[in-house]
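Colleague: Could you give me a close look at one stretch of this chain, and then show me how it sits within the rest? I'm happy with numbers, as long as you tell me the cut-offs behind them.

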Amino acid sequence: QQTVGYSGVIFAWVVITSLEQSQTCPIFFLPDVCFQTYTMGMLKFNAAPLVQLVVTHFIMPRASFVGHLAGIVCGFLLHWRILPHGVLMPHVLFPVFAIWHLACVQNILPVNRSIVEYEYCVERLAQKEEERRRASSLNNANEDTDFPPSPSRRQPPNQTTPIQRAMYIIPYIQKLHLCSILLSILISLDAGLTLSQIGCAILFHQGIEAYKCVSVLSSTDRKQSTSITGRCLRAYFIIAVI
């Protein structure tokens, strides 16, 4: 077994620190073993982080060698200005990682593939919306007549469920996401804020698509949609806070 923690980020900072100095002595019990920083055009290179990686893996073999190596690679790319800083901010990496994890690891995104009866859900929701419109138009027609409607034509009072009330609010939240994306394009000097807003909008949309199926599926088939809804919306709320 191997462990992965914050040490990958520390190795990235070790790289940046070593490239800012003329020489670096990475082995604390061998202070005389130092490595020079070489400049090749606009790029700098120092082998000290790689040596420190080998020594660390020798002392702690259960530490993640790949994780530390990835931190070193990111450190070089950051110092060489190959990767833009705006895209590597937490509010961008978190939604990208969340979408990748839900799509590639848990295999629940997009929801139209993970939910078996997704097409049935869409058709059933369209039927319910059409029935609601017909009932609303019939009630309006009865109110416009001079005589009270007959008992056979009188519609029962409209009792909305919590899911139906949520469906009324969802379009306004989606419009708010669209406005936030447009504002981020106008006020942001880099693509980081825009990408984070787009990631939030994708997670919210996928979570709501799964939530719609909860209202039309049976209790046995509802568990999958409820689970997908919870995972997507939990990731959305965390990223929205960040």
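Modeller: Gladly! Helices and strands here are DSSP runs, numbered from the N terminus: a helix is H or I with at least four residues, and a strand is E with at least two. This is a predicted model, so local features need pLDDT of at least 70 and side-chain atom pairs count only at pLDDT 80 or more, while totals for chains, interfaces and linings use all residues. Residues are numbered from 1 along each chain as its sequence is written, and side-chain values use heavy atoms, with hydrogens and water left out.

Let me start with the loop between H3 and H4, where Arg81 is found. Arg81 is not a glycine, yet its phi is positive, at about 60°. Its relative accessibility is 63%, so Arg81 counts as exposed; the scale calls a residue buried under 20% relative accessible area, exposed over 50% and partly exposed in between, using a 1.4 Å probe and protein chains only.

A similar topic comes up in the loop between H4 and H5, which holds Asn107. Asn107 has a phi near 55°, again a positive value in a residue other than glycine. Asn107 counts as exposed because its relative accessibility is 52%. That loop, between helix H4 (90-105) and helix H5 (111-114), is also the place of Pro110. The peptide bond leading from Leu109 into Pro110 is cis, and omega is near -5°.

Now to the N-terminal stretch, for the close look you asked for. Helix H1 covers residues 7-19, 13 residues in total, and reaches 18 Å from its first C-alpha to its last, close to the 18 Å expected at 1.5 Å a residue. That expected span is 1.5 Å times one less than the number of residues in the helix. Gly8, Phe11, Ala12, Val15, Ile16, Ser18 and Leu19 are the buried residues of H1. In general, an α-helix has 3.6 residues a turn, so residues three or four places apart point the same way. The partners that the buried residues of H1 pack against are strand E1 (23-24), strand E4 (43-45), helix H2 (48-59) and helix H3 (65-79).

Strand E4 is a good place to see that packing from the other side, through Lys44, which lies in it. Taking contact to mean heavy atoms within 4.5 Å, and leaving aside neighbours within four places in sequence, Lys44 is in contact with Leu19, Thr37, Tyr38, Thr39, Phe76, His79 and Trp80. Leu19 belongs to the buried set of H1. Glu20 is 24 residues away from Lys44 along the chain, and their C-alpha atoms are separated by 8.7 Å. With a relative accessible area of 28%, Lys44 is partly exposed.

Next come the cysteines. A disulfide is a pair of cysteine sulfur atoms within 2.5 Å, and a search of the whole structure finds one. The bond joins Cys25 to Cys34, with an S to S distance of 1.8 Å. The torsion about that S-S bond is about 80°, so the disulfide of Cys25 and Cys34 is right-handed. Cys25 counts as partly exposed at 36% relative accessibility, and Cys34 is partly exposed too, at 26%. Elsewhere, Cys179 is partly exposed at 43%, whereas Cys232 is buried at 0%.

Phe29 is found in the loop between E1 and strand E2 (35-36) and is partly exposed, at 47%. Phe29 helps make a nonpolar surface patch of about 780 Å², together with Phe28, Leu30, Val33, Phe58, Ile59 and Met60. Patches are built from residues with over 30% relative accessible area and no salt bridge, joining like charges within 9 Å and nonpolar side chains (Val, Leu, Ile, Met, Phe, Trp, Tyr) within 5 Å. A salt bridge is a side-chain nitrogen of Lys or Arg within 4 Å of a carboxyl oxygen of Asp or Glu. Areas come from the Shrake-Rupley method with a 1.4 Å probe, and for residues, only the protein chains shown count as cover.

Finally, the wider setting. The protein chain has nine helices and four strands, running α-β-β-β-β-α-α-α-α-α-α-α-α from the N terminus on. Of its 242 residues, 29% are buried. Among contacts with a separation of 6 or more, 63% link residues 24 or more positions apart.
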